[in-house]
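This report describes a structure for a reader who has not seen it before. Please look over the sequence and the model shown here, then read on.

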Amino acid sequence: MKDSLNGVKTSINRRSFVKNGLTAASAATMGVGLLASSSSAFAKKGPEEHSGSLTRGDAAILRFLAAAEILETDLWQQYNELGGIQDSEVPGGSGNSVYTAALAVLDSDMAQYIHDNTEDELTHEVFINAFLASKGADTVNLDQFRTLPSSKASGAQQIGRLTNLMQLTVDTSWWTRYRVGNKNPDFGDTFDQAVPTLNVGQHPAIPRTDDDLTPNEHIQAIANTAGFHFGTIEQGGTSLYPSLAQRVTHPDVLRIVLSIGPTEAMHFQTWSDKAGNAPPLTDPKDSTLVFPDLNSPPLGGEEFQTNLIMPEPTIFLSRSLPACSIVRPTATNGAAMGALKFLTAMGLFIGQSPAFFQLLTDLAEDADTAKNGHA
Ligand SMILES: [Fe+2]
Ligand SMILES: [Fe+2]
């Protein structure tokens, strides 16, 4: 394969590969393995992916979204195997009754919602790649990075994973971000955490082994962690789609991002409601992990009570304009890289190889370079 790619050495222009000092040969070899389309295509035209009849920018944005959806599917699949409903729509795993019961403390429909969210992500992934292929554009395949271990708890499949749900640092600031009326991350504002101790250290969101199933308050802490992580992931998708939609060109591509994005918001809204039911407790196996009463100071009250899940109107575009109820953030500049950094910072990729980060970085940079109508 290296021989067939020798020509690449002179024409390589994959920014991140060059920037990070990888040799052209290793970069090209890596890239070929990652993309589902044929290596011969690479050999003929160099290391950049093919866009087919799409603009380079549209194809790059869709490829980044395809990668994000593959990663989302992988993590949701792990949740579904242990805490969802295993069926022909979302096959794999056999369920873990103790974890499923702990999740059900947040809502009796949790297993169903986990199943449905998983199925949705799978369809996002498959659709975006199929659309890319239908336009003659290269698609994304991350199979070679399915190397991370599965949970050893009863109910999980023993297969390689792309994502790690056992060492999460969960940013729960969306809880306050959507509830305050005078701040917006697009204006540089920062937000208090709902569960400050989840945002430091590393916490499992699924049982790692059957030892994690006891005592009751320990598996409940794990289920609570999952309950907040669901919201954290889906608010990310809720922002990512409108952020990138601002730079797509083709009406069909715009329609895709405008039609998938709001389903992420539907997920987020559901999880935002359920997280409010996470019972207050201290993890008996990790006393640093404390789930507070979300209806008591510093939260609770008129601004933060748990049932106030509708977004509060806030500043948008200009402080001189009237407050507006919106998704936040939606700034388009650097949105793909921002999403990658957000997923990385939560520990989702702990254990992944440098080549994995290289590829994801490259896809994000390509998406962020896309300019409406120009690239
Ligand atoms: Fe999705
Ligand atoms: Fe999602």
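Helices are DSSP runs of H or I with at least four residues, numbered from the N terminus. Glu303 is found in one of these, helix H11, which covers residues 301-304. The model is a predicted one.

## The iron site of ligand 1

The iron ion (ligand 1) has as protein donors Glu69 (OE), Glu69 (OE), Glu72 (OE), Glu121 (OE), His124 (ND1) and Glu264 (OE). These donors lie 2.0 to 2.6 Å from the iron ion (ligand 1). Along the chain, the donors follow the spacing E-x2-E-x48-E-x2-H-x139-E. The site of the iron ion (ligand 1) is irregular, and the angles among its six donor atoms run from 57 to 167 degrees.

Two of the donor residues, Glu121 and His124, lie in helix H7 (residues 110-134). Glu121 and His124 are three residues apart, about one turn of the helix. An α-helix has 3.6 residues a turn, so residues three or four places apart point the same way. Glu121 and His124 are both buried.

## The iron site of ligand 2

The iron ion (ligand 2) is coordinated by Glu72 (OE), Glu121 (OE), Glu234 (OE), Glu234 (OE) and Glu264 (OE), at 1.9 to 2.6 Å. The spacing of its donor residues in sequence is E-x48-E-x112-E-x29-E. Glu72 coordinates both the iron ion (ligand 2) and the iron ion (ligand 1), which are 3.5 Å apart.

Glu72 in helix H5 (residues 56-83) and Glu264 in helix H10 are 192 residues apart, and this pair links distant parts of the chain. Both Glu72 and Glu264 are buried.

## Aromatic pairs

How many aromatic pairs does a search of the whole structure find? The search finds 16 aromatic pairs. In one of them, the rings of Trp174 and Phe268 have their centres 5.4 Å apart and their planes at 85 degrees, so the pair is edge-to-face. Trp174 is in helix H8 (residues 174-177) and Phe268 is in helix H10 (residues 251-275); with their positions 94 residues apart, the pair links distant parts of the chain. Trp174 and Phe268 are both buried. Phe349 and Phe357 also form an edge-to-face pair, because their ring centres are 6.2 Å apart and their planes are at 75 degrees. Phe349 counts as buried at 2% relative accessibility, whereas Phe357 is partly exposed, with a relative accessible area of 27%.

One aromatic cluster is formed by Trp174, Trp175, Tyr178, Phe228, Phe268 and Phe291. The charged end of Arg179 sits over the ring of Trp175, at 3.7 Å from the ring centre. Elsewhere, Lys183 lies over the face of Phe191, 5.7 Å from the ring centre.

## Helices H9 and H13

Helix H9 covers residues 216-245 and holds Thr232. At 1.5 Å a residue, the 30 residues of H9 should span 44 Å, and the end C-alpha atoms are 44 Å apart, which agrees. In H9, 27 of the 30 residues are buried, so the helix is largely enclosed by the rest of the structure. Thr232 is buried, with a relative accessible area of 1%. The side chain of Thr232 makes a polar contact of 2.8 Å with the side chain of Trp174.

The 16 residues of helix H13 (residues 354-369) should span 22 Å at 1.5 Å a residue, and the end C-alpha atoms are 22 Å apart, which agrees. Among the buried residues of H13 are Phe356, Leu359, Leu360, Asp362 and Leu363.

## Loops and unusual backbone

Thr214 and Pro215 are joined by a cis peptide bond, with omega about -10 degrees. Pro215 is in the loop between H8 and H9. Another cis peptide bond joins Pro297 and Pro298, with omega about 10 degrees. Pro298 is in the loop between strand S2 (290-291) and H11.

Glu303 in H11 is partly exposed, with a relative accessible area of 39%. Glu303 and Val180 are 123 residues apart in sequence, yet 6.8 Å apart in space, C-alpha to C-alpha. Leu317 lies in the loop between H11 and helix H12 (335-345). Phi of Leu317 is near 65 degrees, a positive value in a residue other than glycine. Leu317 is exposed, with a relative accessible area of 71%.

Definitions and conventions: Residues are numbered from 1 along each chain as its sequence is written. Chains are lettered from A and ligands numbered from 1 in the order in which they are written. This is a predicted model: local features need pLDDT of at least 70, side-chain atom pairs count only at pLDDT 80 or more; totals for chains, interfaces and linings use all residues. Side-chain values use heavy atoms; hydrogens and water are left out. Donors are N, O and S atoms within 2.8 Å of the metal (3.2 Å for Na, K and Ca); water is not among the atoms, so sites may look incomplete. Four donors count as tetrahedral if all angles lie between 85 and 135 degrees; four count as square planar and six as octahedral if opposite donors are over 155 degrees apart and all others between 65 and 115; anything else is irregular. Buried means under 20% relative accessible area, exposed over 50%, partly exposed in between (1.4 Å probe, protein chains only). The expected span of a helix is 1.5 Å times one less than its number of residues. Rings of Phe, Tyr and Trp (its six-membered ring) pair if their centres lie within 6.5 Å; planes under 30 degrees apart count as stacked, over 60 as edge-to-face and the rest as tilted. A charge sits over a ring if NZ of Lys or CZ of Arg is within 6 Å of the ring centre and within 35 degrees of the ring normal. A polar contact is a pair of N or O atoms within 3.5 Å; within protein, one must be able to donate a hydrogen and the other to accept it, and residues adjacent in sequence count only if both atoms are side-chain atoms.
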